[in-house]
Amino acid sequence: MLNYLNIYEENALWDFTSILRRHTTAAKAATMAIEGIPPAIAAQLNHLLSNSPFPIRVEQMWSGSKIVPWRDRFTLAIPFCLDFLNCNFLLSLGNAANPTCTSRDVIYNVHSPLAAPDIIFGPEDEGFLRFLFSSKGEGDSGVTPKVNFSDWSYKDPSRLISLILHLRDLYSAYQRKRVEEVDDDRLKFEINTMLWREGIEMSMSSSPDKMEEVKFAVPLLDMDINKLVPVYPWRQQQKIFLQVIYPIRKKYSSGSSAPRLKLVSTPEMRSFFQVEDVKLASWLDGMCMAEYLPALEENLQMQILEAVTLIGARKRFIEALAPVFGRPLEADPVFCRKATVFVTNGMFMFLVHFLLPPQFPKQKPSLILQSAMHFNQQGMSVRSAPLTDFPWSPRWDSSQMAERLFEFLVDESLNFKKFCSEPQPQHS
């Protein structure tokens, strides 16, 4: 007989402190990741990671000196136009004395950590370098660069983030200038019709083996998505973008090809809404972005608001597990995407993990069984593959869903017990 062990009755199901602890742990991990570098540089990097308006990644860290063990070199991946500048404008901090510096480097000197960093550009950045020195200095015939380190102070931890954001703004202006210079009437028309939208980013893309393209990142929806789930400690402002990629047509080419379209959201938003599930309308011949966007935004807003209401449906299902399985050992208290219960069948004890998709209950949950008594060669408890082959109807109420899953697990637990008793395959 399948039964439950309600051994965590004192734990509140909707204990918000658990998710706050996980959020705090993640923040501490980001800080701990930069230990071992000079304190002045560490303060700059800590401030950057904690206060950047977009998610910057530190991809690798190492020392550029054979004498001083400080890790003074690291690579930053900076979001721009739905891509990362580590592919187009790589920013890595290191020791300028090391001859292995790659192009597009911002260099700290481990032997002089109080000094401002140097910036090194490679041949592929020749156009951007000319752009940085394009303004004439006043009172002389020289040029004044758009990046000035005269006011650099190692005591101010905000200097690195100011530098990164300034360089990003300059790179954005440079790419916009390149796009506006493209001799394509349709492209010029699209730019003129979208100028009123704030936050649009654009960039040129070209390679020897494919046609030149212009890529737009168009922010959608004039609404504060963060406020739709106010109890979650969002790290950045949540946004949805439409990526629009136009091939650049030659003057002698006839006709116009439709742009490639793709919805992209900030990563944290996937917890309750996945843009991959949104079906984009077809691009009609002769259409422009000013015509396409209003209907898309209206459809998106309706689906996002529905996704917020589905959080309540998932919460009611998790609450319905308690009378049947016992109070969950743990559950996602905000987005209600997962819950775990502890059950027994005779002497066999195991966990049941419920994984709820954003479109629940239209999409059925996945179940993963985890033995509390069997372990593989690596000492990990034996788990089943995700189970989805069970009776389900989105029209059932929450209590009926829980009861039907309980009935399914009565038999499935016997199969899982047999599976656990068999020799487990070794994984290299």
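Author: Let's start with a definition: a contact means heavy atoms within 4.5 Å. Keep in mind too that this is a predicted model.

Reader: Okay, then how much of the contact map is long-range, say between residues at least 24 apart?

Author: Take the contacts in the chain between residues at least 6 apart in sequence: 55% of them join residues at least 24 apart. As for the chain itself, 8 helices and 17 strands are found in it. Of its 428 residues, 46% count as buried.

Reader: How should I read a single strand, then? Is β16 mostly buried or exposed?

Author: First the general idea: in a regular strand, side chains alternate between the two faces of the sheet. Now the case here. Strand β16 covers residues 366–375, and 7 of its 10 residues are buried, so the rest of the structure largely encloses it.

Reader: Which strands does β16 pair with?

Author: One is β15 (residues 348–355), which pairs with β16 in the antiparallel sense over 6 bridges. For a concrete pair, look at H353, whose bridge partner in β16 is I368. The other is β17 (residues 381–383), also antiparallel to β16 and joined to it by 2 bridges. There, Q370 stands opposite R383 of β17.

Reader: And what links β16 to β17?

Author: A hairpin turn: the two strands have 5 residues between them, and G379 in that turn has a positive phi of about 80°.

Reader: Which residues other than glycine have a positive phi?

Author: The general idea is that most residues other than glycine have a negative phi, and most peptide bonds are trans. Two leucines to look at here are L82 and L221. L82 has a positive phi of about 60°, and its place is the loop between β4 and β5. L221 has a positive phi of about 70° and sits in the loop between β10 and β11.

Reader: Are those two leucines buried or partly exposed?

Author: One of each. L82 has a relative accessible area of 29%, so it is partly exposed. L221 comes out at 12% relative accessibility, so it counts as buried; the cut-off for buried is under 20%.

Reader: You mentioned trans peptide bonds. Where is there a cis one?

Author: Look between F360 and P361: a cis peptide bond joins them, with omega at about 10°. P361 is in the loop between β15 and β16, which takes you back to the strands we began with.

Reader: Now for my favourite topic, pockets. How much space lies in the largest one?

Author: The general idea is that rolling a probe the size of a water molecule over the atoms shows where empty space is left. In this model, the largest pocket holds about 1200 Å³ of space. It is lined by 42 residues, and the closest to its centre are L82, P219, K239, F241 and T266. The elements that give two or more residues to the lining are β4 (79–80), β5 (83–84), α5 (159–180), β10 and β12 (260–265). Of these, β12 gives the most, with 4 residues.

Reader: What is the make-up of the lining by class?

Author: There are 21 nonpolar, 7 polar and 14 charged residues in the lining of the largest pocket.

Reader: Let's zoom in on K239. Where is it found, and what does it touch?

Author: K239 is in the loop between β10 (210–220) and β11 (240–247). Leaving aside residues up to four places away in sequence, K239 touches I225, V264, S265, T266 and M269. The C-alpha atoms of K239 and P267 are separated by 9.4 Å, with the two residues 28 apart along the chain. K239 has a relative accessible area of 39%, so it is partly exposed.

Reader: And T266, is it buried or exposed?

Author: T266 counts as buried, at 16% relative accessibility. Its place is in the loop between β12 and α7 (289–325). With the same sequence neighbours left out, T266 touches Q237, Q238 and K239.

Reader: Last one: how many disulfides are there?

Author: The idea is to look for a pair of cysteine sulfur atoms within 2.5 Å. By that rule the count comes to 0 disulfides. As for individual cysteines, C81 counts as buried at 1% relative accessibility, and C336 also counts as buried, at 1%.

Technical notes. Residues are numbered from 1 along each chain as its sequence is written. Side-chain values use heavy atoms; hydrogens and water are left out. Buried means under 20% relative accessible area, exposed over 50%, partly exposed in between (1.4 Å probe, protein chains only). Two strands pair if DSSP finds at least two bridges between them. On a 1 Å grid over the protein atoms alone, a cavity is a set of points where a 1.4 Å probe fits but cannot get out, and a pocket is an open set with protein on both sides within 12 Å along at least five of seven lines; lining residues have an atom within 4 Å of a point. Grid points are joined across faces, edges and corners, and a volume is the space filled by probe spheres set on the points. Ala, Val, Leu, Ile, Met, Phe, Trp, Tyr, Cys and Pro count as nonpolar, Asp, Glu, Lys and Arg as charged, and the others, Gly among them, as polar.
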